[in-house]
Amino acid sequence: MQIIYTHQDLSDWVATQKKQGCTIGFVPTMGALHAGHISLLELANVQTDRSVCSIFVNPTQFTDPKDLERYPRPLEKDLALLRSHRCAAVFVPSVAEMYPVDEAKWHIDLGSLETILEGTFRPGHYQGVTQIVYKLFKAVQPDKAFFGQKDFQQTLVIKKMLEHFQLPIELQVCPTLRDEDGLAMSSRNIHLSPEERRRALVLSRTLAHIKELYPAYPLSELEVIGKALIQEQEGVDLEYFGIRYRDTLEPARDKDKATIALVAAKVGGTRLIDNEYLH
Ligand code: AMP
């Protein structure tokens, strides 16, 4: 596995692979890797000739400086994990490498995706996400990019960005990996105490319950039930629970189109998100 720190070295490596006719599959991450990240890498390995992961904790997408500061960074462990799962190259740039000059404030039109759900609670987050992912796409020049359903709104934002810049990159949305108890895997889960972890299970449990009730109950009632179940759980502060159309994330009014339930909550000091396709 090539460990690459600079744009120059990455560009040389990419050029060599392309000259050999190899396709490139890209998995952008912020590190503290778990089986969810590895499942994306494995898909990249199956679907393309060369897999590239990036590990970069992007400061411009954090709304809470404390969250940025305490974001886990176990680099050596991450590199060993990637190596053992046949990652062809990992790009590990510094902040100065990604943001060398004071650049003009980044802004692209993301429509309502910027202001609803995650956008309400993390203003500016998706501008930061598109800013860094655009730079990474330009640097890696992948044929396919692999993102997790876990961050569902992010996948729609990336789709919009690809359209905006007309980038010829295929976006693959990959299923959410969960621990045995149902908790969606996340780099932030290590911050949960055993008691908080137990409490956090209300998120996946509620989503699964709502999916079960879905055929028999009206949407408005399902949303009320979902919110109530989470609000009843001590130690969990609900930010939102919504049933939305899957293509736009606008509130779902009937069951004629594909829908998704999405949730965000704080458990102790840790913010968690999760979602489930309803149909
Ligand atoms: P992150 O390092 O949190 O920025 O995540 C990097 C990528 O891994 C994103 O596309 C996430 O959606 C994806 N990811 C995070 N958690 C999971 C999970 N539990 N299952 C599948 N993919 C995930």
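**Around the ligand and helix H8**

At 11% relative accessibility, Ala32 falls under the 20% cut-off and therefore counts as buried. This is a predicted model, and Ala32 is a convenient place to enter it. The residue sits in the loop between strand E2 and helix H2. Its backbone is worth a glance as well: phi of Ala32 is near 55 degrees, a positive value in a residue other than glycine.

The two elements that flank this loop lead directly to the ligand. Strand E2 (24-29), helix H2 (35-47) and strand E5 each supply at least two residues of the shell around the ligand. Of the contributing elements, H2 gives the most, with three residues. In total, 16 residues surround the ligand, and the closest are His37, Gly148, Asp151, Leu177 and Met185. Sorted by class, the shell contains eight nonpolar, six polar and two charged residues.

Several backbone atoms approach the ligand. A backbone N or O atom of Met30 lies 2.9 Å from an oxygen atom of the ligand. For Gly148, a polar backbone atom is 2.9 Å from an oxygen atom of the ligand. With Met185 the partner is a nitrogen atom of the ligand, which lies 2.9 Å from a backbone N or O atom of that residue. Taken alone, the ligand exposes 490 Å², and the protein buries 93% of that area.

Attention can now turn to helix H8, which covers residues 152-165. At 1.5 Å a residue, its 14 residues should span 20 Å, and the end C-alpha atoms are 21 Å apart, so the expected and modelled lengths agree. The buried residues of H8 are Phe152, Gln153, Gln154, Thr155, Leu156, Val157, Ile158, Met161 and Leu162. What covers them includes two helices, H6 (118-121) and H7 (125-140). Strands also take part in this cover, among them E5 (144-148), E6 (170-174), E8 (259-267) and E9 (270-277).

Just after H8 comes Gln166, whose phi is positive, near 50 degrees. Further along, in the loop between H8 and E6, is Pro168. At 74% relative accessibility, Pro168 is over the 50% cut-off and so counts as exposed. Leaving aside residues up to four places away in sequence, Pro168 touches Pro142 and Asp143. Pro168 and Lys144 are 24 residues apart in sequence, yet their C-alpha atoms are 8.8 Å apart in space.

Another loop, the one between H7 and E5, holds Gln141. Gln141 has a positive phi of about 50 degrees although it is not a glycine. Its relative accessibility is 41%, which means that Gln141 counts as partly exposed.

Strand E9, already met as part of the cover over H8, is also where Asp274 is found. At 4% relative accessibility, Asp274 is under the 20% cut-off and therefore counts as buried. The side chain of this residue makes a polar contact with the side chain of Arg178, at 2.9 Å. Beyond four places away in sequence, Asp274 touches Arg178, Ala184, Ser204, Leu207, Ala261, Leu262 and Val263.

Conventions:
Residues numbered from 1 in each chain as written. Predicted model: local features only at pLDDT ≥ 70, side-chain atom pairs only at ≥ 80, totals over all residues. Heavy atoms only, no water. Helix = DSSP H or I, 4+ residues; strand = E, 2+ residues; numbered from the N terminus. Expected span 1.5 Å × (residues − 1). Buried < 20%, exposed > 50% of the residue type's maximum accessible area, 1.4 Å probe, protein only. Contact = heavy atoms within 4.5 Å. Near = heavy atom within 4 Å. Polar contact = N/O pair within 3.5 Å; in protein donor to acceptor, adjacent residues only side chain to side chain. Areas by Shrake-Rupley, 256 points an atom, 1.4 Å probe, with all protein chains shown as cover. Nonpolar A, V, L, I, M, F, W, Y, C, P; charged D, E, K, R; others polar.
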